[in-house]
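Work through the exercises below with the sequence and the coordinates open side by side. Each task is followed by a solution that proceeds step by step.

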Amino acid sequence: MTHLKSRERNCCYREKSSWTFDLTGTSLRRFLLRLSGLSMARVLSLFRPQPVLALVSRYKPATCKMSMDSRARDVFAAAVEAVQPDAVVRQSVERKDDSVLISGRRFTLKHNLHLVGFGKAVLGMAAEVERMMGDHLVDGVISVPHGMQQTLRQHGKSHLLPKENSKIQVMEGAKHNLPDEDALRAAEQIKQLAKGLTEKDLLLVLISGGGSALLPAPLPPILLQEKLDVTRRLAAAGATIQELNTVRRALSVLKGGGLAKYAHPAQVVALILSDVIGDPLDLIASGPTVRSQVWPEEILSILERHKLLSCIPASVKDVLQKLSRKEKAEESDASGRVLNVVIGSNGTALERARLRARDLDLHPVVLSPGVCGDVRSVSRLYGLLTRFACSPGEPPAEVAAEVLRLGPDVGVQSWDLCRTMQELGERRAGGSGTTCLLAGGEPTVELTGKGRGGRNQELALRVGLEWSGLELPPNGPVFLSGGTDGQDGPTEAAGAIADAGLCAEAQAQGLDVHEFLSNNDSYTFFSRLSGGKRLLVPGLTCTNVMDVHVLLFPSTSNNNKG
């Protein structure tokens with residue numbers, strides 16, 4: 001099975017001209033070995049700026065007159081725009097007469113095209129496919145979130161809907177991002193369509209974020225509610241999206257390559273808008289078109305790690321006892337007739353954000369598209385990087401050391417941290433303009449309370465706490481964390497914005513930051529704080545490639561002048 005990634009993803013995050021040493025392969029290993037044997041003063045000296053950059057920075061154009069808050073929001077909006085469902089399809093699919101070219105492979109169109117899809121973005125993806133190839137489309141079934149069609153119309157986005165006389169059946173379900181009976185019926189319809197195909201047919205599978213909840217098909221005798229209880233408990237215990245999808249895949253008929261198996265011997269092409277760190281094909285929407293092996297021991301280990309082994313339903317235990325690696329590994333030749341293509345990802349969004357930051361006279365630095373781990377660790381990392389970037393002189397030696405120690409906890413490689421500190425150090429000494437640090441991924445929150453909120457709002461609140469005592473904007477830093485799907489937890493917000501004045505502002509209004517954090521009630525906090533002005537509410541985005549983090553660091557020369 002071919003694993004191909006989008007052109008944008010292949011070219012993003014790396015502009016080698018923007019740093020002065022190579023941190024790849026053997027060079028990286030030697031560099032890190034050197035770090036282990038040096039004092040931290042010597043380590044920091046490796047991040048000292050190069051004279052050329054300092055000279056060039058004097059000739060930067062005047063800083064954009066937009067506020068720091070507005071520029072952060074603008075950069076986030078550009079990231080979301082880059083992964084709009086119709087746009088990513090247009091960029092990845094080329095129609096040529098009676099054939100279609102996808103990722104370098106040509107497929108013949110002969111009134112043999114069938115379409116299925118599941119996820120928050122597949123309405124727009126399906127509408128664009130129908131616009132391009134509708135004359136060859138036989139039928140289609142897509143599973144989308146409840147109320148999605150009406151919401152698109154209300155927001156003036158009817159261009160992302162299939163046409164009125166469409167051959168694509170749209171089924172809505174999964175209220176509140178949870179599998180339900182409506183989604184179960186849609187999954188059965190998708191399975192039946194796939195089962196009826198022949199070797200002459202082409203099945204186009206559209207997959208985006210939210211696909212797992214919209215394609216529930218539990219292995220008998222597991223009931224839908226029982227499977228839902230297991231995944232809900234895992235999510236509440238702080239399980240990663242990778243762990244959640246691993247469990248879902250093992251307990252499903254269609255996930256883990258099940259859909260491709262039903263479609264055999266038809267040619268299957270999956271167009272994937274990734275919402276998982278690293279774009280692993282077997283984990284995105286739990287890999288319905290990716291043949292996988294099931295390791296019952298792995299599932300049991302995940303459940304045990306989150307202290308849930310004793311409370312799973314008897315039906316789940318029964319299925320795990322019967323499963324073996326052979327059951328899903330012993331497939332037919334289905335994998336030879338499947339092409340999976342990632343057409344959009346968090347990396348795609350960060351690349352567009354980087355370009356937009358430049359347009360706004362910011363200097364972009366991309367940290368990583370794979371930030372994960374608990375929001376406490378992520379906020380600590382951003383607090384340390386802020387100290388590194390905004391220190392009026394050389395930052396304390398222990399700052400760089402702690403940044404590197406935190407790397408494994410937040411999913412960021414040492415070479416990315418080293419490269420980032422190199423660039424931040426150069427910008428700090430250059431003394432001109434504002435730096436825009438960009439990152440993406442999907443941190444987690446361990447639930448200890450019953451409040452309303454999501455990981456982005458809680459991360460913003462914790463970063464604000466980390467920054468207490470620093471300069472206020474425009475001389476101090478600004479942080480934005482937002483979900484590209486426009487929804488952070490069960491709230492109307494995608495995230496929030498923080499700066500060093502957040503805690504003082506809250507105290508003046510009688511809001512206890514620690515109390516809201518202990519109750520996981522970040523949405524209520526930001527809603528009450530200054531009339532909700534710090535909330536990020538982009539509305540319906542029609543896409544999902546995890547989260548985007550934007551950190552703006554004004555130059556230390558501006559701070560000194562202030």
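The model is predicted, and the exercises move from the whole chain to single residues.

**Exercise 1. Describe the overall make-up of the protein in terms of secondary structure, burial and contacts.**

Step 1: the protein holds 24 helices and 16 strands.
Step 2: of its 562 residues, 59% count as buried, while the exposed surface comes to about 22700 Å², of which carbon and sulfur atoms supply 49%.
Step 3: among contacts with a separation of 6 or more, 82% are between residues 24 or more positions apart.

**Exercise 2. Determine which residues of helix α13 are buried, and how they are arranged about its axis.**

Step 1: within α13, which spans residues 296–305, the buried residues are Pro296, Ile299, Ile302 and Leu303.
Step 2: viewed down the helix axis, these buried residues fall within an arc of 125°, so they line one face of α13.
Step 3: a general rule helps in reading such a pattern, namely that an α-helix has 3.6 residues a turn, so residues three or four places apart point the same way.
Step 4: on the face turned away from the buried side, α13 carries the exposed residues Glu297 and Glu304.
Step 5: the cover over the buried residues of α13 includes α10 (224–236), α11 (241–250) and α14 (314–322).
Step 6: just after α13, Lys307 adopts a positive phi of about 60°.

**Exercise 3. Characterise the largest nonpolar core and place Val93 and Val550 in their surroundings.**

Step 1: the largest nonpolar core has 61 residues, and those with the most contacts inside it are Ile102, Met133, Leu204, Leu206, Leu271 and Val550.
Step 2: helix α7 (residues 122–133) gives this core its largest share, seven residues, and the core draws at least three residues from each of domain 2 (86–217 + 254–292 + 330–344) and domain 3 (347–553).
Step 3: beyond its neighbours within four places in sequence, Val550 is in contact with residues including Ala72, Val75, Cys436 and Phe479.
Step 4: Val93, in strand β2 (residues 93–96), counts as buried at 4% relative accessibility, and its contacts beyond four places in sequence include Ile102, Met133 and Leu271.
Step 5: Val93 and Leu271 are 178 residues apart in sequence, yet their C-alpha atoms are 9.3 Å apart in space.

**Exercise 4. Establish whether Thr543 is buried or exposed, and what its side chain reaches.**

Step 1: Thr543 lies in the loop between β15 (535–536) and β16 (547–554).
Step 2: its relative accessible area is 1%, and with the cut-off for burial set at under 20%, Thr543 is therefore buried.
Step 3: the side chain of Thr543 reaches the backbone oxygen of Val83 at 2.6 Å.
Step 4: residues touched by Thr543, apart from those up to four places away in sequence, include Val80, Val83, Leu273 and Asp485.

**Exercise 5. Locate the cis peptide bonds at Pro221 and Pro265, and contrast the settings of Asp97 and Ser286.**

Step 1: a cis peptide bond joins Pro220 and Pro221, with omega about 5°, and Pro221 sits in the loop between β8 (202–207) and α10.
Step 2: another cis peptide bond joins His264 and Pro265, with omega about 15°, and Pro265 sits in the loop between α12 (258–263) and β9 (267–273).
Step 3: phi is positive at Asp97, near 55°, and at Ser286, near 65°.
Step 4: Asp97, in the loop between β2 and β3 (99–102), counts as exposed at 69% relative accessibility, whereas Ser286, in the loop between β9 and α13, counts as buried at 0%.

Technical notes. Residues are numbered from 1 along each chain as its sequence is written. This is a predicted model: local features need pLDDT of at least 70, side-chain atom pairs count only at pLDDT 80 or more; totals for chains, interfaces and linings use all residues. Side-chain values use heavy atoms; hydrogens and water are left out. Buried means under 20% relative accessible area, exposed over 50%, partly exposed in between (1.4 Å probe, protein chains only). Helices (H or I, at least four residues) and strands (E, at least two) are DSSP runs, numbered from the N terminus. The arc is that of the directions from the helix axis to the C-beta atoms. Contact means heavy atoms within 4.5 Å. A polar contact is a pair of N or O atoms within 3.5 Å; within protein, one must be able to donate a hydrogen and the other to accept it, and residues adjacent in sequence count only if both atoms are side-chain atoms. Accessible areas come from the Shrake-Rupley method with a 1.4 Å probe; for residues, only the protein chains shown count as cover. A nonpolar core is a set of buried Ala, Val, Leu, Ile, Met, Phe, Trp, Tyr and Cys residues joined through side-chain atoms within 4.5 Å. Domain bounds come from an automatic or database domain assignment.
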